[in-house]
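Colleague: Before I rely on any of the labels attached to this model, I would like to go through how each of them was reached. Could you take me through the reasoning, one term after another?

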There are 2 protein chains.
Amino acid sequence: MAERFFERLALVGIGLIGSSIALAARRSGAVGTIAIATRTPTTLARAEELGLGDAYFADPAEAVKGADCVIVCTPVGACGLVAEAIAPALERGAVVSDVGSVKAAVIRAMAPHLPEHIHFVPGHPIAGTEHSGPDAGFAELFRNRWTILTPAETADPAAVERFAGFWRSFGAHVDTMSAEHHDLVLAITSHLPHLIAYNIVGTAADLESGIRSEVLKYSASGFRDFTRIAASDPTMWRDVFLNNREAVLEMLGRFNEDLSRLQRAIRYGDGETLYDLFSRTRAIRRSIIEIGQDTAAPDFGRPH
Amino acid sequence: MAERFFERLALVGIGLIGSSIALAARRSGAVGTIAIATRTPTTLARAEELGLGDAYFADPAEAVKGADCVIVCTPVGACGLVAEAIAPALERGAVVSDVGSVKAAVIRAMAPHLPEHIHFVPGHPIAGTEHSGPDAGFAELFRNRWTILTPAETADPAAVERFAGFWRSFGAHVDTMSAEHHDLVLAITSHLPHLIAYNIVGTAADLESGIRSEVLKYSASGFRDFTRIAASDPTMWRDVFLNNREAVLEMLGRFNEDLSRLQRAIRYGDGETLYDLFSRTRAIRRSIIEIGQDTAAPDFGRPH
């Protein structure tokens with residue numbers, strides 16, 4: 001029998017991540033019951049149709065009553081307001097977490113509202129797809145993916161470990177680090193790639209109409225992969241960039257310097273600079289395959 | 001019985017594209033025999049081990065003797081030298097083509113060497129994977145993908161149509177357009193995406209070592225998709241950028257202007273500009289799925 005980590009889980013927000021947690025927790029037996037809250041009535045009704053939880057609430061404060069684990073699964077920009085709303089109703093000793101892609105700003109927004117008698121363990125499951133909403137969730141989403149926890153130094157180690165076990169029961173690997181370090185690492189591995197993808201797809205969208213239709217037609221030549229990334233949830237990503245500004249601007253600055261160098265190499269026909277970079281990057285791809293973060297199966301020719 | 005378009009096909013260069021053409025032509029019955037030439041002895045030996053052709057040559061001029069279809073499958077930068085080498089040995093009436101990702105520069109490099117008694121029909125199959133070499137080829141590579149032909153206005157329509165039929169026998173869709181138009185469209189759909197991917201992977205590689213190892217570990221958050229693109233063949237891509245300079249610099253200029261606007265929006269907390277773009281790009285993704293250039297299956301969570 002699987003271990004039960006919490007008696008009652010409350011999920012505030014039930015998009016891709018919230019619904020995937022609900023499905024994974026149900027399957028692993030990690031929780032007893034699941035309470036779901038979202039402010040959008042149609043989304044709440046859909047969550048109930050899908051049978052994602054045991055109880056459904058428009059008011060997040062109602063949902064967290066009696067819960068020993070609360071996970072805020074809204075876009076980052078809403079976390080502060082949610083914390084304010086649920087604070088008076090939180091149970092003593094409950095673990096309170098989130099799933100935001102930025103951590104320092106979420107902590108700044110949530111922590112001031114939270115009572116001292118709960119355990120605040122912010123989290124970020126590094127998993128997702130380009131789809132969103134309660135229909136997009138699936139229980140396998142977190143399997144063999146990392147979930148990063150960024151507990152405060154004063155957090156109760158037993159509560160952190162209990163919450164890590166909850167995530168591991170979904171097949172996730174769990175790491176803990178400081179919120180600031182998380183935000184810097186994610187700025188380069190996630191936030192900047194998304195910004196670049198959004199930008200190039202936008203550049204293509206603004207092309208003269210004669211070329212634009214052909215961009216779609218011939219998109220298999222590279223562009224297609226960027227459009228998948230640039231199809232991610234707009235609200236979530238707006239909030240990420242507004243809330244991890246310093247780290248993103250730092251990494252964007254480095255990216256721009258490097259791109260200027262490549263631009264110059266192209267302009268002046270400096271093949272050596274181009275070849276050297278293109279060889280180095282190929283080696284990085286091999287490292288990613290070696291550590292199991294992707295497969296070597298050729299993906300450009302999909303469907304396989 | 002499938003239609004035979006040519007009696008003898010000569011492939012000069014036997015990497016991913018050349019070997020895929022050999023396998024596809026064998027399977028479709030589009031040609032009688034296949035002659036293969038490559039200047040690298042180990043590659044030639046490997047092609048023979050794999051049974052990709054019927055005859056193998058170190059000298060491309062030997063390979064094209066008796067061939068009524070010759071396709072140069074080397075990196076773009078070698079096309080001119082190959083044309084010079086094979087010109088005296090080309091059969092009267094043969095179709096001569098290539099598979100380069102840029103067309104105007106290839107035509108400038110090859111055309112001056114080619115005799116008037118052949119039909120020069122430059123081509124570009126928009127298909128590939130991040131792997132290279134004769135082992136990477138597979139017969140299905142071109143199925144449901146576009147092959148663009150850029151024949152000169154003086155080219156014999158019957159020869160062009162015959163060569164288009166040859167490509168269609170692999171399951172490819174065939175389009176014809178001017179070399180200049182091809183180069184502009186591919187600059188935005190293919191060349192710029194590759195440049196951006198190479199650049200961001202390079203930026204990550206130059207990070208302080210403490211962060212760099214974590215970039216690989218957490219690469220599933222977006223970065224991973226860029227590394228796949230940035231694992232493409234270095235020689236091929238160096239040649240692409242050196243040979244489509246004007247169009248790439250034009251598109252890169254637009255990309256940079258747009259990126260500056262995003263950078264400013266992040267710095268000044270302008271969420272509306274970010275949200276507007278991120279919504280527009282999502283619509284483009286839907287268009288690509290509607291026209292069948294990719295599937296809606298969520299790919300971020302791979303393996304499925």
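Colleague: What makes the meeting of the side chains of A:Asp98 and A:Lys103 a polar contact?

Modeller: Bear in mind throughout that this is a predicted model. The side chains of A:Asp98 and A:Lys103 are joined at 2.9 Å, and the cut-off for such a pair of N or O atoms is within 3.5 Å, so the pair qualifies as a polar contact. The side chain of A:Asp98 also reaches the backbone nitrogen of A:Gly123, at 3.1 Å.

Colleague: Why is A:Asp98 called buried?

Modeller: The label needs a relative accessible area under 20%, and A:Asp98, which lies in strand S5 of chain A, has 0%. Its neighbours, leaving aside residues up to four places away in sequence, include A:Ile71, A:Val72, A:Val106, A:Met110 and A:Pro122.

Colleague: And how do you know whether A:Ser232 is buried or exposed?

Modeller: A:Ser232 has 3% relative accessibility and therefore counts as buried, the limit being under 20%. A:Ser232 is found in the loop between helix H9 and helix H10 of chain A, where its side chain reaches the backbone oxygen of A:Ile229 at 2.9 Å.

Colleague: What would an exposed residue look like by that reckoning, and why is A:Glu246 given that label?

Modeller: Exposed means over 50%, and A:Glu246, with a relative accessible area of 56%, is on that side of the limit. A:Glu246 lies in helix H11 of chain A, and its C-alpha atom is separated by 36 Å from that of A:Thr42, 204 residues apart along the chain.

Colleague: Why is helix H7 of chain A described as largely enclosed by the rest of the structure?

Modeller: The description follows from a count, since 24 of the 27 residues of H7(A) are buried. This helix, residues 179-205 of chain A, also bends by about 55° at A:Ala187.

Colleague: What makes the relation between chain A and chain B that of a two-fold axis?

Modeller: Chain A is superposed on chain B by a rotation of 180° with 0.0 Å of shift along its axis, at an RMSD of 0.0 Å, and that is the relation of a two-fold axis. The same surface serves both copies, as 100% of the contact residues of chain A recur in chain B.

Colleague: How much area do chain A and chain B bury between them, and how many residues does the contact take from each?

Modeller: About 10000 Å² is buried between chain A and chain B, 68% of it on carbon and sulfur atoms, and the contact takes 101 residues from chain A and 101 residues from chain B. Between the two chains there are also 36 residue pairs in polar contact, both residues being at pLDDT 80 or more. On the side of chain A that touches chain B, H7(A) gives the most, with 21 residues.

Colleague: What makes A:Asp206 and B:Arg280 a salt bridge, and why do you say that the pair joins two chains?

Modeller: The closest N and O atoms of A:Asp206 and B:Arg280 are 3.0 Å apart, and the cut-off is within 4 Å, so the pair is a salt bridge. A:Asp206 lies in the loop between H7 and H8 of chain A and B:Arg280 in helix H12 of chain B, so the pair joins two chains. Both ends are partly exposed, A:Asp206 having a relative accessible area of 45% and B:Arg280 one of 35%. With the chains exchanged, B:Asp206 forms a salt bridge with A:Arg280, again with the closest N and O atoms 3.0 Å apart. The count between chain A and chain B is ten salt bridges, and a search of the whole structure finds 38 over all chains.

Colleague: How do you know that A:Arg228 and A:Asp225 belong together as well?

Modeller: Their side chains meet at 3.6 Å, N to O, which is within the 4 Å cut-off and therefore a salt bridge. Both residues lie in helix H9 of chain A, three residues apart, about one turn of the helix, and both are buried. An α-helix has 3.6 residues a turn, so residues three or four places apart point the same way.

Colleague: Where does that leave B:Glu62 and B:Lys65?

Modeller: B:Glu62 and B:Lys65 form a salt bridge, their closest N and O atoms being 3.1 Å apart. At 36% relative accessibility B:Glu62 counts as partly exposed, and at 46% so does B:Lys65.

Notes: Residues are numbered from 1 along each chain as its sequence is written. Chains are lettered from A and ligands numbered from 1 in the order in which they are written. This is a predicted model: local features need pLDDT of at least 70, side-chain atom pairs count only at pLDDT 80 or more; totals for chains, interfaces and linings use all residues. Side-chain values use heavy atoms; hydrogens and water are left out. The bend at a residue is the angle between axes fitted to the seven residues ending there and the seven starting there. Helices (H or I, at least four residues) and strands (E, at least two) are DSSP runs, numbered from the N terminus. Buried means under 20% relative accessible area, exposed over 50%, partly exposed in between (1.4 Å probe, protein chains only). Copies are superposed by least squares on the C-alpha atoms of residues with pLDDT of at least 70 in both. Contact means heavy atoms within 4.5 Å. A polar contact is a pair of N or O atoms within 3.5 Å; within protein, one must be able to donate a hydrogen and the other to accept it, and residues adjacent in sequence count only if both atoms are side-chain atoms. Buried area is the accessible area (1.4 Å probe) that two parts lose on being put together, summed over both.
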